[in-house]
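Here's a quick walk through this model, starting from a single side chain and working outwards. Have the viewer open as you read.

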Amino acid sequence: MYDLPDLNRYVEVRPGLFRCTIIWPVAPGVAVPVSTFLVRGNTVTSGPQPAHEWLLIDSGDPTQPEKLLQAISEVLTHEKDTLRYICITHGHLDHTGAAPALLEKYPEAKAVIHAEEKPFICEGKSFRSVTTDTWTFAILKHFSHESKVKLPENRVITLRDGDKWEFDHVLKFVETHGHTPGSASFVHIPSRSIMVGDAVMNIAANPMFSKIPCISGPMAMSTCHWGNAMKAIDKILTYRGEVDTVFPAHDYNANGVPIDEVHEFHRPGTHL
Ligand SMILES: [Zn+2]
């Protein structure tokens, strides 16, 4: 049913940026693509096939962590390759699912999250407790699946806009809250790409009947603050001078979405 080239394996979609998409069976008859991204960081050995420090953006759904771990191990093949950071766009279960298994397998790795997201990822706080601006979330939040992930605080670093961090020459941290209180995006500076988590989606309007991708904002039933989520898309679009491609976490395109198409979808005066 799905013919993405990066199904269950990492494909280099831009120089130094790899995407793997795993299909998440959310409910009977409903399957959603979930993409994670590996970023090649610093080179740590010399020679024709040097080892690198790697960064991962998001960690997939909780039902099949072994697929993600297998895909990562097929890229990190040098004995000195290391996974240094798992950069999590937000705390929903389809973005944090394999994080505990990854922290166990890669003892040098730490998670990177927005400071406002920490209670949901480290302390078990429920997104259902968040103050919302929509009836949609107020009602439907009771039907969404909650993440059971609780990461140890000593394996997590928190960031806010403008904070320096070890790999900010490769990945720029950008606050894009709204979908959740601490949602974040990451600009891959070398390839002029931005990974936006759920701030923008590009799946079918009705995934039960179609695979034709359709740009949208985040899923309303799991979006804590709709007004801020719209401002987050505005903020992503302010990066048009330094970003060419938007990579949503849920995307039927093999090659991401040109940022100009996101702008066309969300240009001033349009409404969802
Ligand atoms: Zn989400």
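His92 is buried, with just 10% relative accessible area (buried means under 20%, exposed over 50%, partly exposed in between, using a 1.4 Å probe and protein chains only). Asp198 is buried too, at 5%. Keep in mind that this is a predicted model, where local features need pLDDT of at least 70, side-chain atom pairs count only at pLDDT 80 or more, and totals for chains, interfaces and linings use all residues. Residues are numbered from 1 along each chain as its sequence is written, and side-chain values use heavy atoms, leaving out hydrogens and water.

What do these two residues hold? Together with His90 (NE2) and His179 (NE2), His92 (ND1) and Asp198 (OD) are the protein donors of the zinc ion, lying 2.2 Å from it (donors are N, O and S atoms within 2.8 Å of the metal, or 3.2 Å for Na, K and Ca; water is not among the atoms, so sites may look incomplete). Along the sequence, the donors are spaced H-x1-H-x86-H-x18-D. His92 sits in the loop between strand S5 (82–87) and helix H2 (93–96), and Asp198 in the loop between strand S10 (193–195) and strand S11 (201–203), so the pair ties together parts that are 106 residues apart in sequence. Helices (H or I, at least four residues) and strands (E, at least two) are DSSP runs, numbered from the N terminus.

Zooming out, the protein has seven helices and 14 strands. Buried residues make up 53% of its 272 residues. Its C-alpha atoms fill a box of roughly 55 × 40 × 40 Å, taken along the principal axes.
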